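Please consider the following structure with attention to its ligand site, its domains and its backbone geometry.

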Amino acid sequence: MFSRRIPRHAQTNALAGAVEALRASGTPFADLTESNPTRAGIPYPAGLLAPLADPRALRYEPLPFGLGSARAAVAADQHRRGANVDPEQVVLTASTSEAYSWLFKLLCDPGEAVLVPRPSYPLFEHLTQLEGVRAEPYALEYHGRWEIDVSTLAAAPSDARAVVVVSPNNPTGSCLTAAELDRLVALCRDREWALIADEVFADYLFESGTLPRASAASRGVTDIASRAGVLSFTLAGLSKTVGLPQLKLGWMIAGGPRAERDAALRALELIADSFLSVGTPVQVALPELLRTGAPARAAIQARTCHNLDVLRDLARGYPACDVLHTDGGWSAVIRVPSTRTEDQVVLDLLSHERILVHPGYFFDFPREAFLVVSLLPDRDVFSDAVARLLRFC
Ligand SMILES: Cc1ncc(COP(=O)(O)O)c(C=O)c1O
């Protein structure tokens, strides 16, 4: 009855069933999968949402790429990362997920492939399938740091149209190095792939001053890809940069050779004009939100840095558990002894310790046993739960 683009209903797995049962019985548990900053006790500045009531929002201007003032605010905000962006390159969307869907429509015919990192954000499977395209994984390998296994990219199918990089990646926290970016851009040029750089977590680097790897974010993928003659799109949005996912505003920044970039923008305009999905109040408020939201970003950054330090400190007492190296983002990966399956570990943690974590397979880790914990939860909840988790594993 329904199209093949609709993902099959995943059967409720044992973990989801166990969580549901705990919730139904009102049993409290420490949720180390919480990735929603608005539920993590982050202090937001008073009056942060007041600009949403600006009376200028009473006037509706159906502009496919969004209001000029909002696009200019996104472009100006890129200066924080040392990138020079013209507001004409900025396309507003309702979310990063929507930006992906527009880009897959733009770049791929039905059935063609998009290259996505593995392990990474599990939504890629759905986002591609819903557009009638295939997600083909390329590998990230861990050798004390996560690195792209370029051989898996070089072996990509011939109908690949774009490669997605996530920097910092979710959940590994790995940033693209300058050398990786150079190799990637060279491959994109040879194979005529567009480069899609997901930088939603680019504001959240753990040791930005001392990072040995030039984070793609700090150098600006758009600049580098453009200089190399590669069509590129950099994605981010309010959901992470100010911790406001409920406002539904994301953006993409188009880069590349002028003629190609302009042609892409003209085609994107047709797509955007068919949806006009971004609400006016949030566009009007954007310049102010980006300015006054900085303390929320700082609070999230302080929380994730603190929780990562706590995790690393505690893990020193448990040599069998290894907190994998991370450059940034909102989560951490713990390698635990693989004496039980990941499924068994997460189920036992929930039933014996009342701690919920994600198993590595949720993010398509190639082998077991990895646990993924969010670094957003309240400090006390996090440190108590992580201490018990490590003891348990
Ligand atoms: C890597 C990555 N990209 C995109 C998104 C979605 O962001 P948005 O809320 O802007 O759709 C997420 C959400 O967690 C994510 O982890």
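The report below treats the ligand shell, then the domains, and then individual backbone features.

## Ligand shell

The model is predicted. The residues around the ligand are Ser 95, Thr 96, Ser 97, Tyr 121, Val 166, Asn 170, Asp 198, Val 200, Phe 201, Ser 239 and Lys 240. Sorted by class, this shell comprises four nonpolar, five polar and two charged residues. Helices α3 (96–107) and α9 (238–241) each contribute at least two residues to the shell.

## Polar contacts and coverage of the ligand

Oxygen atoms of the ligand are approached by polar side-chain atoms of Thr 96, at 2.6 Å, and of Ser 239, at 3.0 Å. For Asp 198, the partner of the polar side-chain atom is a nitrogen atom of the ligand, at a distance of 2.6 Å. On its own, the ligand has 400 Å² of accessible area, of which the protein covers 88%.

## Domain arrangement

The domain assignment divides the protein chain into domain 1 (14–43 + 295–392) and domain 2 (50–292). Domain 1 is thus given as two segments of the chain. The C-alpha centres of domain 1 and domain 2 are 27 Å apart. In the contact between them, 29 residues come from domain 1 and 34 residues from domain 2.

## A buried serine in a loop

Ser 167 belongs to the loop that connects β6 (160–166) and α6 (178–191). Its relative accessibility is 2%, and Ser 167 therefore counts as buried, the limit being under 20%. The side chain of Ser 167 reaches the backbone nitrogen of Leu 176 at 3.0 Å.

## Cis peptide bonds

The peptide bond from Arg 118 to Pro 119 is cis, with omega near 5 degrees. Pro 119 is located in the loop between β3 (113–118) and α4 (123–130).

A cis peptide bond also runs from Glu 368 to Ala 369, with omega near 0 degrees. Ala 369 is part of the loop between β13 (358–359) and β14 (370–374).

## Positive phi values

Leu 276, a residue other than glycine, has a positive phi, near 40 degrees. Leu 276 occupies the loop between α10 (258–275) and α11 (280–292). With 27% relative accessibility, Leu 276 counts as partly exposed.

Phi is positive in Asp 364 as well, with a value near 70 degrees. Asp 364 is found in the loop between β13 and β14. Because its relative accessible area is 41%, Asp 364 is classed as partly exposed.

Methods:
Residues are numbered from 1 along each chain as its sequence is written. This is a predicted model: local features need pLDDT of at least 70, side-chain atom pairs count only at pLDDT 80 or more; totals for chains, interfaces and linings use all residues. Side-chain values use heavy atoms; hydrogens and water are left out. A residue is near a molecule or strand if one of its heavy atoms lies within 4 Å of it. A polar contact is a pair of N or O atoms within 3.5 Å; within protein, one must be able to donate a hydrogen and the other to accept it, and residues adjacent in sequence count only if both atoms are side-chain atoms. Accessible areas come from the Shrake-Rupley method with a 1.4 Å probe; for residues, only the protein chains shown count as cover. Helices (H or I, at least four residues) and strands (E, at least two) are DSSP runs, numbered from the N terminus. Ala, Val, Leu, Ile, Met, Phe, Trp, Tyr, Cys and Pro count as nonpolar, Asp, Glu, Lys and Arg as charged, and the others, Gly among them, as polar. Buried means under 20% relative accessible area, exposed over 50%, partly exposed in between (1.4 Å probe, protein chains only). Domain bounds come from an automatic or database domain assignment. Contact means heavy atoms within 4.5 Å.
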